[in-house]
Amino acid sequence: MSPFVEPLSLSLLGLVAVALLLDLLLGDPPWLPHPVVGMGKVIARLERAWNHGPAAARRRRGNFLVLIVVGGTWVLAWGLLAALAWLSPWLSLAAELGLLATTLAARGLAEAGRAVATPLARGELDPARRALARIVGRDTEALDEGGLARGAVETVAENTVDGITAPLFWALLGGAPLALAYKAANTLDSMVGYPSPRYLDFGRAAARFDDAVNWLPARLTALSLWLSAWAIPGSRRAGALAATRREAPRHPSPNAGWPEAMVANLLGVRLGGLNHYAGRPSYRATLGTPLEPLAVKHIDRAIRLMHGGWLVFLLLMALPILAWELLL
């Protein structure tokens with residue numbers, strides 16, 4: 001928990017809302033050091049030092065890696081805020097607000113989607129391919145409008161959880177220290193949580209821990225996206241809940257399929273399918289019913305759903321907090 005603000009309190013709800021507003025207004029200025037960059041450097045150094053030897057030893061060190069990185073992040077953040085609170089409660093409050101804002105990426109996610117959509121709307125495929133290559137791992141050199149739109153929509157849908165709603169969830173439970181610990185778990189998974197020969201054993205604990213901390217936020221996000229669609233014209237709500245529940249388990253991730261399947265069904269498009277990575281084909285199960293071909297307009301619609309989804313998610317989280325405060 002935060003040393004200054006009580007968990008699941010109106011004060012923390014207000015602080016998180018202001019942090020979200022800061023993210024929407026400022027994003028992540030490139031001149032400002034970002035905690036995730038530091039987490040990445042620590043993880044890379046520990047991976048080089050520990051990821052060797054027999055499989056059992058790699059798994060043990062992988063477990064320890066999760067403990068060190070996630071637990072260490074929480075301890076450092078809590079200690080910093082506690083030290084600042086000792087100097088001045090307002091200094092600690094300002095620091096917590098800034099740290100919370102760094103865990104949110106609503107503005108950055110929208111900008112990443114529009115960076116693909118803007119040149120694509122002008123028929124300029126090469127700039128759109130370069131913009132998509134900055135946010136996905138797949139090959140983009142030969143993608144047409146539909147392939148580029150699919151990559152951007154999938155990125156916006158999946159990262160609505162990682163970049164916005166899951167940090168909001170953990171921030172409301174434990175302030176900036178817990179939100180930063182979540183980002184540490186998410187960064188660990190993105191760096192070592194792959195089932196490749198190099199990371200299969202060492203990254204096993206990181207992948208499973210990330211699955212656990214995203215389990216509930218991912219499902220609440222799918223519900224929030226569906227609820228927000230009532231206010232977004234053109235959304236195909238009918239049958240979307242049942243289709244998402246049926247299709248989400250097809251995704252290789254136990255969590256990413258929920259927002260992706262919901263967005264696919266609300267837009268009436270098909271996500272997933274064939275991708276190429278360094279020239280090698282990789283097929284992912286499809287999500288959604290293709291009622292219309294994927295096009296640049298679906299990127300903007302996915303961004304609107306993303307904004308509506310996090311807003312409804314925050315309101316759903318606020319309801320029990322407000323009810324509890326009224327009962328006291």
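This section describes one helix packing and the salt bridges of a predicted model.

Two packed helices are described by the angle between their axes and the distance between the axes. In the predicted model, helix α7 (residues 145-192) and helix α10 (residues 257-267) have axes that come within 8 Å and cross at roughly 130°. Because this angle lies outside the range of 65 to 115 degrees counted as roughly perpendicular and is not over 145 degrees, α7 is classed as oblique to α10. The crossing of α7 with α10 is right-handed. On the α7 side, the contact is made by V153, E154, A157, E158 and V161, which meet P259, E260, V263 and L267 of α10. Sorted by class, the residues in this contact comprise 6 nonpolar and 3 charged, with no polar residue.

Side chains of opposite charge can pair when their charged atoms come close. In this model, 10 salt bridges are counted. One of them joins D201 to R59, with 2.9 Å between the closest N and O atoms. D201 belongs to the loop between α7 and α8 (204-228), whereas R59 belongs to helix α3 (residues 55-87), and the pair therefore ties together parts that are 142 residues apart in sequence. D201 has a relative accessible area of 19% and is buried, because the cut-off for burial is under 20%. R59, with a relative accessible area of 30%, is partly exposed.

Salt bridges are also found within individual helices, as the pairs in α6 and α7 show. D126 and R129 form a salt bridge with an N to O distance of 2.9 Å. These two residues lie 3 residues apart in helix α6 (residues 125-133), so about one helical turn separates D126 from R129. D126 is partly exposed, at a relative accessible area of 43%, while R129 is buried, at 17%.

In helix α7, the salt bridge between R150 and E154 has its closest N and O atoms 3.1 Å apart. R150 and E154 are 4 residues apart, about one turn of the helix. R150 counts as buried at 11% relative accessibility, and E154 likewise counts as buried at 5%. E154 is also among the α7 residues that meet α10, and this residue thus takes part both in the helix contact and in the salt bridge with R150.

Finally, a network of salt bridges links R236, E292, K297 and R301.

Notes: Residues numbered from 1 in each chain as written. Predicted model: local features only at pLDDT ≥ 70, side-chain atom pairs only at ≥ 80, totals over all residues. Heavy atoms only, no water. Axes fitted to C-alpha atoms, helices over the stretch in contact; angles between N-to-C directions. Parallel < 35°, antiparallel > 145°, perpendicular 65-115°, else oblique. Left-handed = near helix turned anticlockwise from the far one by under 90°. Contact = heavy atoms within 4.5 Å. Nonpolar A, V, L, I, M, F, W, Y, C, P; charged D, E, K, R; others polar. Salt bridge = Lys/Arg side-chain N within 4 Å of Asp/Glu carboxyl O. Buried < 20%, exposed > 50% of the residue type's maximum accessible area, 1.4 Å probe, protein only.
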